[in-house]
Amino acid sequence: MPALPRIRRTLPAIVAAAGILATGLLADPAVAEEKPTLTVYTYDSFSADWGPGPQLKAAFEKTCGCTLDFVGLEDGVAILNRLKLEGPSTKADIALGLTSDLIPEAKATGMFAKSGIDTSGLTVPTGFSDDVFVPYDYSYLAFVYDTETVKTPPKSLDDLVSGDPGQKIVIEDPRTSTPGLGFLLWMKAVYGDEAAAKWKALQPRILTVTPGWSEAYGLFTKGEVPIVLSYTTSPAYHEIEEGTERYKAAGFSEGQYLQIEVAGILKDSPHAELASEFLAFLVGKDAQSVLPTTNWTLPVRGDVELPAAFSHLVTVAKPLLIDADTVAKNRRAWTNEWLQAVGAR
């Protein structure tokens, strides 16, 4: 680090300068009154330098008269776990990154308030209506593969489960990760009571189970595993940012599990009005136009123009989604079933 320049001042000069500065601060109401800080719990890839967080922060702060602070956690399920742990003492004003599967469980905490946002004009596959949580993007789960390594990708969930155990996959933990939870539900939606047996059949293919999406995708892009649980939209990143079509998403004949991401306002937030303004901003056209090429998801507005790379993605003819109330009633039992089958700790 370069050396700092030396500044010599006499004590009287320092005191005088401090007095002038203090007078100026008191005379300027904009400086004297500290800006409110709106704290948003989200997942780490959203708040990262390459995620949508920095662009959304800059745009919202231009008009809100506030400081927007994104706190990046492991993944979507980890956000809910953190809020349960902190309870009313949480510093969060907004939770951003839960999925629609977790809405009943999140509401059961008693920690969320009505959003005040009209979502009737938003477009989400299978529909969406809720007075507390606001959908801001969606995608479909998919297994993304490296075409230089995988010459015959799975074309169905059955292909994946019964495939070559020497060709490893990496998945995320349903206890901490929203794609991990989504895959748990995907297996249940397709196999029902046979899910435990199918998990056992799949287990030899699983190289590792990561806490969140970032770790799993990092292993994939480093070439440590040829197939990763991600999204149908993930290949658009590689085409747009890297100029390559090397990575593809496998379309499954049984359908792809739909993941709708939502945001909600904490009931005890001292900045409820500001939080509602942010959610309205989040589903506005400007913010929605940022998400596809930073969060690599699909917008919930029909008037957002998508880059050409998005037309090359897997077309999902059969969205799969388990009713959220059913998920809430069974998530613990289904997770325990998964734990016993794959031997995760």
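Biologist: Let's start at the surface: what percentage of the area the protein exposes do carbon and sulfur atoms supply?
Modeller: Bear in mind that this is a predicted model. The protein exposes about 16500 Å². Of that area, the share supplied by carbon and sulfur atoms is 53%.

Biologist: And what percentage of the residues count as buried?
Modeller: The cut-off for buried is under 20% relative accessible area. The chain has 345 residues, and its C-alpha atoms fill a box of roughly 80 × 45 × 40 Å along the principal axes. The share of residues that count as buried is 50%.

Biologist: How many helices and how many strands does the secondary structure come to? And what percentage of contacts between residues at least 6 apart in sequence join residues at least 24 apart?
Modeller: For the secondary structure, the tally is 14 helices and 12 strands. As for those contacts, the share joining residues at least 24 apart is 78%.

Biologist: Okay, cysteines. Which residues does the disulfide join, and what is its S to S distance?
Modeller: The structure holds 1 disulfide. Its partners are Cys64 and Cys66, and the S to S distance is 2.1 Å.

Biologist: Is that disulfide left-handed or right-handed?
Modeller: Go by the torsion about the S-S bond of Cys64 and Cys66, which is about -95°. That value is why the disulfide is left-handed.

Biologist: Are Cys64 and Cys66 buried or exposed?
Modeller: Again, the line to stay under is 20% relative accessible area. Cys64 has 13%, whereas Cys66 has 2%. So Cys64 is buried, and Cys66 likewise counts as buried.

Biologist: Cys64 belongs to H4. How far apart are the end C-alpha atoms of helix H4?
Modeller: Helix H4 covers residues 53–64, which makes 12 residues. At 1.5 Å a residue, H4 should span 16 Å. The model agrees, with the end C-alpha atoms 16 Å apart.

Biologist: How wide an arc do the buried residues of H4 cover around the axis?
Modeller: The buried residues of H4 are Gly53, Leu56, Phe60 and Cys64. They sit on the same side of H4, because the arc they cover around the axis is only 70°. For background, an α-helix has 3.6 residues a turn, so residues three or four places apart point the same way. The arc in H4, then, is 70°.

Biologist: Which elements do those buried residues of H4 pack against?
Modeller: Two strands and three helices are on the list. The strands are S1 (37–43) and S2 (67–73). The helices are H3 (44–47), H12 (272–282) and H13 (285–290).

Biologist: Now H8: how many of its 14 residues are buried?
Modeller: Helix H8 (residues 178–191) reaches 20 Å from its first C-alpha to its last. Its buried residues include Leu181, Phe183, Trp186 and Lys188. H8 is largely enclosed by the rest of the structure, because the buried count is 12 of the 14.

Biologist: Which residue caps the N-terminal end of H8?
Modeller: Look for a side-chain oxygen 3.1 Å from the backbone nitrogen of Gly180. That oxygen belongs to Ser177.

Biologist: Any odd backbones to check? Is Trp296, with its positive phi, buried or exposed?
Modeller: Phi of Trp296 is near 55°, in a residue other than glycine. Trp296 sits in the loop between H13 and strand S11 (298–299). Its relative accessible area is 12%, so Trp296 is buried.

Biologist: And Thr126, buried or exposed?
Modeller: Thr126 has a positive phi too, near 70°, in the loop between strand S4 (112–113) and strand S5 (134–146). With 55% relative accessibility, Thr126 counts as exposed.

Terms used:
Residues are numbered from 1 along each chain as its sequence is written. Side-chain values use heavy atoms; hydrogens and water are left out. A disulfide is a pair of cysteine sulfur atoms within 2.5 Å. Buried means under 20% relative accessible area, exposed over 50%, partly exposed in between (1.4 Å probe, protein chains only). Helices (H or I, at least four residues) and strands (E, at least two) are DSSP runs, numbered from the N terminus. The expected span of a helix is 1.5 Å times one less than its number of residues. The arc is that of the directions from the helix axis to the C-beta atoms. Contact means heavy atoms within 4.5 Å. A polar contact is a pair of N or O atoms within 3.5 Å; within protein, one must be able to donate a hydrogen and the other to accept it, and residues adjacent in sequence count only if both atoms are side-chain atoms. Accessible areas come from the Shrake-Rupley method with a 1.4 Å probe; for residues, only the protein chains shown count as cover.
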